[in-house]
Amino acid sequence: MTGHRVSRRSFMKWSGVAGGSAALVATAAHLGMPSTHQASATDGIEGVDATVWNACLANCQSRCPLRLQVKDGTVVRVLPDNTGSDELGDLQIRACVRGLNQRERIYSPDRIKKPMKRTGKRGEGKWEEISWEEAFDTIASEMRRVKETYGNEALWYHYGSGSTGGNITKRGTWPRLINSYGGYLGQYGTYSTAQIRAGIPYSYGAYLGSNSLEDAVNTRLQVFFGNNPLETRMSGGGELGVVQKIKKEHGVRTIVIDPRYSDTAVDVADQWVPIRPGTDTALIAGMIYVMVQENLHDQEFLDEYCVGFDEETMPDGAPENASYRSYLEGKGPDGVEKTPEWAADITGIPADTIRNLARDIVTTKPCAITQGWGPQRQASGENTARAIALLATVTGNIGIAGGGNGARESNYSVPVTAFPNFDGDAAPVSTQISCFNWIEAIEDGPSMTDVQHGVRGKEKLDVGIKLMVINSSNTLINQHNDVHRTQKALEDDSKCEFILVIDHQWTPSCEWGDMVLPATTNFEENDIVPGGSCGDMGWSIWGGKAIEPLYETKTGYEICTEIARRLGIEQEFTQGRTQEEWRSWIFEETRANVPDFPSEEELEEMGVWRKHNPDGLTIGMKAFRDDPEANPLTTPSGKIEIYSSTLAEMADTWIFEGVTEGDKLTALPEHIDTWEGALEARTSEFPLQCLAHHYKGRTHSSYANLPKNLEAHPQMVWINEKDASDRGIKNGDTVDVYNNRGTIRTEARVTPRIAPGVVSVPQGAWYTPDEDGVDVGGNVNTIMKYHPSPLAKGNPGHTALVEVRPV
Ligand SMILES: Nc1nc2c(c(=O)[nH]1)N[C@H]1C(S)=C(S)[C@@H](COP(=O)(O)OP(=O)(O)OC[C@H]3O[C@@H](n4cnc5c(=O)[nH]c(N)nc54)[C@H](O)[C@@H]3O)O[C@H]1N2
Ligand SMILES: Nc1nc2c(c(=O)[nH]1)N[C@H]1C(S)=C(S)[C@@H](COP(=O)(O)OP(=O)(O)OC[C@H]3O[C@@H](n4cnc5c(=O)[nH]c(N)nc54)[C@H](O)[C@@H]3O)O[C@H]1N2
Ligand SMILES: [Mo]
């Protein structure tokens, strides 16, 4: 197979750009255009023509404002936010190393410069440049052909998060185009939060967030399950800033439960509890066992607000001994008492530590229990998400200041009107699959059903995916579990017949397209950035065009307008507006809704606009706590459902076959020994559990190709000292991390910062196979399994067993 790196090089040669600095010089000279804005501030830099506000739109959710300084049509410097203060609630929203490295990204030699069409077999790496006219004509005729042959449900707009922070630049233009043409097979869930979003509603009726992070000033203990804001929310005005500030000013005692000694643990934890991946459910059962045995738990809260903890509060029709207490006491079907010794054996945490943790968490009131999204991005992660919520429930911390409901913290955001994906009340096609199991819809769409694959809106699909649009996304190859399986399904172009990729960097996913279009970055077009949010502070940012589109790149709006014209739906798509007129429309709509929202001129000048939640900080589920009769939850019982009858029924009717053979649903958030989990590791030829933590140097695969980011944060595998010495591996050695699915080659980081028996390959490195098929880029999805989770059919991107050997 030809690696993307090889063809990328040849691609650069065709495009006549030799390297980064050459590209930069060529750009400045080639364009030589005046900037689009007059300077509002030059920050002391001589000769700068303009300073334009825009933002980092990648999907870390921090949403940092940036000030781009432009000279002779070239971005010469990127500066962070200079508004706000050092006060909690008004923090300066300073960008991290990624946001500030936009110049390397804008002028990267990996920028796609012209529309490209494949000439060889799909994935073979042979390409030719084509004109935009040919590109538009081909896309329109393929859309027409597929629609006429198979119907609209054969069209697919792929999951992608590359420009999440934008509005018009987000990803709305393509959905609007295809919806104007009759729609496409819909999707639910995300690669990020599928399991927590699917699981928590069975406990609370809906996904209900926890207290705002700032509410930690009212707590006496915060407990983070795999919550790592210092690496995943790296903005000064976001969670990183808030967590550090609260620790510094209020000294809030903090426990971090994570297989890795994360940066959050390093910086703010008073105690780190290393745990085997996927075993939080067992730790929680062991802790609740101790609480109940010592009568420390909040029985009154359980009696009044919950169903299913005790046999006395079970819903009608539930079998005997199916309550959580029976599960703890070993009276349920498994007959096992959930003692701390039982939990210790599964989690790797000593029984006495579990006892002490249980007493600490239950007696320190209030206690703020939250989870990041790592714990739920596991096989059966739905149960993990619900179990963490259960811990908050049993300790009575729900709905009170300083407490929390075990979900992730709540944030307020400014309700900026979104560029509409469709006109009217609903998208034209209502059939949906999980965003993660598109690959099965390519392999054999009509075999997918509601009770086996979670198809919604229909009992089964009538047709498979025949045409895909991949925009702002590297999930075609890089970010989707099991790269080799994906390639195999894509190789056969009688299955999915046309794949269109639109990006501004030539990624590993581009290699598997039939056509690739060169997109502008958000710095080359006009938008309004709805903004970020942290605690009770939301903010919006001016999305100013700093430079003219480079090379032959075009905006999403322009591309979709041209295709709409060829499909005869231009008026439906544009409503007669230009992109700038849509922006004015968004301002008008937003100002009708949020009267103090600035005008276009005002936001352009101020750059960032902050708004505080008129209701102050959020206390999750407060109304329910204060008056459960008047404010019942939307669960069938109106209460917190520790035992869910709905899940019990689904456990009997859903089918687990094929890729999900052996999985199950459970009515209680109980521990499940999953595929490639801690138990299987004991006897497997691949004995190490492999995580894929989100990494500082990049946002997924975005920024992963930039030399400065790579230099600061090279790809590596974290491995514990004991596991390394058992294998003769020293820090800095080149190693292979492998299993039956593939091999990646990277550098060993030998460290006590990860639990024995666990390794972690930070996700997002670019898949780069050498001639032997070894992925020398170190993309963790080369070794991850494609195995949708039982309830959400979501991405278990932190579950895999591997072995590591020195090279
Ligand atoms: N720098 C950076 N920031 C990012 C991203 C990025 O790629 N880079 N990605 C962004 C996106 S889209 C998302 S969805 C979020 C992701 O945010 P998260 O999902 O919270 O991030 P992860 O790194 O996947 O996991 C968080 C922590 O959970 C731990 N963990 C994994 N499995 C388990 C487990 O079974 N139990 C416990 N207790 N802990 C576990 C990991 O070691 C890690 O330290 O981050 C966003 N922010
Ligand atoms: N094993 C494993 N896999 C994972 C994860 C994990 O934890 N483990 N995490 C998962 C998660 S949470 C997520 S959210 C996904 C993320 O996966 P993706 O959504 O694919 O995110 P990125 O890898 O950042 O790719 C985004 C792409 O968008 C492009 N882009 C940026 N701006 C624009 C624009 O304006 N226009 C166009 N056309 N393109 C643009 C970027 O160049 C980049 O190639 O990965 C998932 N994959
Ligand atoms: Mo994500």
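Student: What makes a residue part of the surroundings of ligand 2, and which are the closest?

Tutor: The model is predicted. A residue is near the ligand if one of its heavy atoms lies within 4 Å of it. By that test 36 residues surround ligand 2. The closest are Ser161, Asn474, Asp503, Ser701 and Ser702.

Student: Why is the approach of Asn474 to ligand 2 called a polar contact?

Tutor: The cut-off is 3.5 Å between N or O atoms. A backbone N or O atom of Asn474 lies 2.6 Å from an oxygen atom of ligand 2. That is within the cut-off, so the pair counts as a polar contact.

Student: How do you know that side chains make polar contacts to ligand 2?

Tutor: Take two pairs. A polar side-chain atom of His694 lies 2.9 Å from an oxygen atom of the ligand. An N or O atom in the side chain of Ser472 is 3.2 Å from a nitrogen atom of ligand 2. Both distances are within 3.5 Å, so both pairs count.

Student: How much of ligand 2 does the protein bury?

Tutor: The protein buries 97% of the area. Taken alone, ligand 2 exposes 920 Å².

Student: What classes make up the shell around ligand 2?

Tutor: The shell has 26 polar, seven nonpolar and three charged residues. Gly counts as polar here.

Student: Why is ligand 2 said to lie between two domains?

Tutor: Domain 1 (120-185 + 429-519) gives residues to its shell, and so does domain 3 (680-806). Ligand 2 therefore lies between them.

Student: Which residues come nearest to ligand 1, and where does ligand 1 lie?

Tutor: Of the 36 residues around ligand 1, Thr232, Asp258, Arg377, His700 and His798 come nearest. Domain 2 (199-412 + 620-653) and domain 3 (680-806) both give residues to its shell, so ligand 1 lies between these two domains.

Student: What makes the backbone a polar partner of ligand 1?

Tutor: Look at three residues. A backbone N or O atom of Thr232 lies 2.7 Å from a nitrogen atom of ligand 1. A polar backbone atom of Ile257 is 3.0 Å from a nitrogen atom of the ligand. A polar backbone atom of His700 is 2.7 Å from an oxygen atom of ligand 1. The limit is 3.5 Å, so these pairs count as polar contacts. The protein covers 100% of the 900 Å² of accessible area that ligand 1 has on its own.

Student: Which classes form the shell around ligand 1?

Tutor: It has 16 polar, 10 nonpolar and 10 charged residues.

Student: How do you know that strands E19 and E20 pair?

Tutor: Pairing needs at least two bridges. Six bridges join E19 to strand E20 (residues 537-543), so the two strands pair. They run antiparallel. One bridge sets Gly532 against Trp539 in E20.

Student: Why are E19 and E21 called edge strands?

Tutor: The open sheet has three strands in the order E19-E20-E21, with antiparallel pairing. Strand E19 (527-534) and strand E21 (608-612) each pair on one side only. Neighbouring strands of this sheet are turned by 20 degrees against each other on average, direction ignored.

Student: What makes E17 and E18 a pair in the other open sheet?

Tutor: That sheet has six strands in the order E5-E4-E18-E17-E16-E6, with mixed pairing. Its edge strands are E5 (127-129) and E6 (155-157). Strand E17 (residues 498-503) and strand E18 (residues 515-518) share four bridges, and at least two are needed, so they pair. Their sense is parallel. Val501 stands opposite Val516 in E18.

Terms used
Residues numbered from 1 in each chain as written. Chains lettered and ligands numbered in written order. Predicted model: local features only at pLDDT ≥ 70, side-chain atom pairs only at ≥ 80, totals over all residues. Heavy atoms only, no water. Polar contact = N/O pair within 3.5 Å; in protein donor to acceptor, adjacent residues only side chain to side chain. Areas by Shrake-Rupley, 256 points an atom, 1.4 Å probe, with all protein chains shown as cover. Domains from an automatic or database assignment. Axes fitted to C-alpha atoms, helices over the stretch in contact; angles between N-to-C directions.
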